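Subject: Structure handover

Hello,

Here is the structure we spoke about, with notes on what was found in it. Please look through the sequence and the model before reading on.

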Amino acid sequence: MEILIILTTESSKKKALRLAKLLIQKKLAACVSIKKIFSIYEWEDRIEETEEFEITIKSKPELKDNLINYLGKISTYDVPQIIYNKYHAEKKYFDWLNRTI
């Protein structure tokens, strides 16, 4: 009973909410969680410090390629963070996710 979790980021709450709603509407995700984070990273030879919104996407493993493709197209970042892994889920949650998408 495996599910797919994908982590990505957006620069504003408005953009994160837009992305989340699109994923739900297109049946690419059963649930999307959003939280405010603070990131430090190197970009174009400079150390950046910025507030971002981390987006956790819960989906089916067989939708991974479609999700990665779609996220790459709609992300507002030049190099979007797209990190994914499969996780075991409790049966009730697994069943709900599979009924939802």
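The count of salt bridges comes to five in this predicted model. Three of them are described here.

One salt bridge joins the side chains of glutamate 54 and lysine 35, at 3.5 Å from N to O. This pair links distant parts of the chain: lysine 35 belongs to strand S2 (residues 31-43) and glutamate 54 to strand S3 (residues 46-59), with their positions 19 residues apart in the numbering. Glutamate 54 has a relative accessible area of 17%, and because buried means under 20%, it is classed as buried. Lysine 35, at 49%, counts as partly exposed, since exposed requires a value over 50%.

A second salt bridge is formed by arginine 46 and glutamate 48, whose closest N and O atoms are 3.4 Å apart. Arginine 46 counts as exposed at 54% relative accessibility, whereas glutamate 48 counts as buried at 18%.

The third one to mention is between aspartate 95 and lysine 91, with 2.7 Å from N to O. Both residues are in helix H3, and because they are four residues apart there, about one helical turn separates them. Aspartate 95 is partly exposed at 26% relative accessibility. Lysine 91 is also partly exposed, with a relative accessible area of 48%.

Next, the aromatic side chains. How many aromatic pairs does the count come to? The count comes to one. The pair consists of tyrosine 93 and tryptophan 96, with ring centres 5.3 Å apart and planes at 45° to each other. The pair is classed as tilted, because planes under 30 degrees apart would count as stacked and planes over 60 as edge-to-face. Tyrosine 93 and tryptophan 96 are both in helix H3 (residues 91-100), and since they are three residues apart, about one helical turn lies between them. Tyrosine 93 is partly exposed, with a relative accessible area of 30%. Tryptophan 96 is partly exposed too, at 31%.

Now the surface. Which residues gather in a patch of negative charge? They are Glu42, Glu44, Asp45 and Asp78. Glutamate 44 lies in the loop between S2 and S3, and aspartate 45 is found in that loop as well. Aspartate 78 comes from another place in the chain, the loop between helix H2 (64-74) and strand S4 (83-88). As for exposure, aspartate 78 counts as exposed at 68% relative accessibility. Glutamate 44 is exposed with a relative accessible area of 64%, and aspartate 45 counts as exposed at 74%.

The backbone at two of these residues is worth a note. Glutamate 44 is not a glycine, yet its phi is positive, at about 50°. Aspartate 45, also a residue other than glycine, has a positive phi near 65°.

There is also a nonpolar patch on the surface, made by Phe38, Ile40 and Ile47, with an area of about 350 Å². Phenylalanine 38 sits in strand S2. With a relative accessible area of 52%, phenylalanine 38 is classed as exposed, because the class begins over 50%.

One last item concerns lysine 64 and isoleucine 5. How far apart are these two in sequence and in space? They are 59 residues apart in sequence, and their C-alpha atoms are 9.1 Å apart. Lysine 64 is placed in helix H2. At 23% relative accessibility, lysine 64 counts as partly exposed, since only values under 20% are called buried.

To go back over the main items: the salt bridge of glutamate 54 and lysine 35 links strands S3 and S2, while helix H3 holds both the pair of aspartate 95 and lysine 91 and the pair of tyrosine 93 and tryptophan 96. The loop between S2 and S3 holds glutamate 44 and aspartate 45, which belong to the patch of negative charge.

Regards

Key:
Residues numbered from 1 in each chain as written. Predicted model: local features only at pLDDT ≥ 70, side-chain atom pairs only at ≥ 80, totals over all residues. Heavy atoms only, no water. Patch = residues over 30% accessible without salt bridge, like charges linked within 9 Å, V, L, I, M, F, W, Y side chains within 5 Å. Areas by Shrake-Rupley, 256 points an atom, 1.4 Å probe, with all protein chains shown as cover. Salt bridge = Lys/Arg side-chain N within 4 Å of Asp/Glu carboxyl O. Lys, Arg positive; Asp, Glu negative; His and termini not counted. Charge placed at Lys NZ, Arg CZ, Asp CG, Glu CD. Helix = DSSP H or I, 4+ residues; strand = E, 2+ residues; numbered from the N terminus. Buried < 20%, exposed > 50% of the residue type's maximum accessible area, 1.4 Å probe, protein only. Phe/Tyr/Trp six-rings, centres within 6.5 Å; stacked < 30°, edge-to-face > 60°.
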